[in-house]
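Reader: I have a few questions about how the terms are applied here. Please set each value against its definition.

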Amino acid sequence: MLVTHADSEKTTVNYFEDFPETSEPVWILGKQYNALTERDDILSDVTSRLWFTYRKNFPPIGGTGPTSDTGWGCMLRCGQMILGEALVCRHLGRDWRWAGDKKQREEYISILNAFIDKKDSYYSIHQIAQMGVGEGKPIGQWYGPNTVAQVLKKLAVFDTWSRLVVHVAMDNTVVIEEISECRCVATLCFNVLFLLAIICISSLNDTETALWKPLVLLIPLRLGLSDINEAYIETLKQCFMLPQSLGVIGGKPNSAHYFIGYVGEELIYLDPHTTQPAVEPYEDGQVPDETYHCQHPPCRMHICELDPSIAAGFFCQTEDEFDDWCMRIRRVCFCGSLDSSVAVNFGGICT
């Protein structure tokens, strides 16, 4: 079980390490970089991701509840980060980059407003914490990856601007069958634990294709008992190489992180365990956004330190991107780091 309570606050001065100089490729959410020649590009990409951390002095949750999430909200903040990345891809595109000294696009401001720490923001800490009560989590209690995924699925229904469909796969298996919300006539079974994939996609007519809604696919996984099983490490790495990747939420004992890539045997992540003052938008609706971007080299940890309880995320803006994701998953199963003793049988096609 992943415990997400942090005993003390950290500062940006001492928990960020310099990024390594290595000839090994660096993968950040589906993009490959060279650490020797593209260091600035790497840091620009990382800095452009939305960084949601502990906050203090926000309006009480539920009117009388906590005014800070320090010590219990790290997985909730990681959930905000993975969904925030989906909204960036949805409205700005994966190649969008943040520049603090320039006027920001209206879509970007709207995204930030969806996460402001107040009760009427779509994905605020208030909304997540209160929606979590229905998942059996009292306000102020830490979440696991599955719980935050289920809460985000419920909250996305009310986001009429983004019009996302959030699908949460269970039992380590994706089963998407004629999803009415995104008009995707498909059956997909992808069992990560056994590294098997069975895919059958039917054709869509023009009317059905036009009704597609952007899909956020969250897959809670258990990749071992108390420690991650090394058999899954290479496949997990390849998840970060997919262009549809939203990253992974999880962590290690006592802390939750948002993992956005890897280099060598180290995972690259954003850490929510910094307490910052709550942000109040200006009267004109603009948001002071410097504290929503990590302007330091990213954190790293050895992949073997990862708690086995995680949730992987993927975003498919269009039906073609979903088809491409299915193709790439199939390729991973055939050409990835599969043990030769594992049989991949496509005889039992799902219908």
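Author: This predicted model has 8 helices and 14 strands in its chain.

Reader: What makes residues 266-270 count as strand 11, mostly covered?
Author: A strand is a DSSP run of at least two residues. Strand 11 has 5 residues, so the run qualifies. Buried means under 20% relative accessible area. In strand 11, 4 of the 5 residues are buried, and therefore the strand is called mostly covered.

Reader: How do you know that strand 10 and strand 11 pair?
Author: Pairing needs at least two bridges. Strand 10 (residues 255-263) and strand 11 share 5 bridges, so they pair. The two strands run antiparallel. One bridge sets Gly261 against Ile268 of strand 11.

Reader: What lies between the strands of that hairpin?
Author: There are 2 residues between strand 10 and strand 11. In this hairpin, Gly264 takes a positive phi near 60°.

Reader: Why is strand 13 called a partner of strand 11?
Author: The cut-off is again at least two bridges. Strand 11 and strand 13 (residues 299-302) have 4, so they count as paired. Their sense is antiparallel. Glu266 stands opposite His302 of strand 13.

Reader: How much of the chain counts as buried?
Author: Of its 351 residues, 54% are under the 20% cut-off and so count as buried. The chain exposes about 15000 Å². Carbon and sulfur atoms supply 50% of that area.

Reader: Which share of the contacts joins residues 24 or more positions apart?
Author: Among contacts with a separation of 6 or more, that share is 70%.

Conventions:
Residues are numbered from 1 along each chain as its sequence is written. This is a predicted model: local features need pLDDT of at least 70, side-chain atom pairs count only at pLDDT 80 or more; totals for chains, interfaces and linings use all residues. Side-chain values use heavy atoms; hydrogens and water are left out. Buried means under 20% relative accessible area, exposed over 50%, partly exposed in between (1.4 Å probe, protein chains only). Contact means heavy atoms within 4.5 Å. Accessible areas come from the Shrake-Rupley method with a 1.4 Å probe; for residues, only the protein chains shown count as cover.
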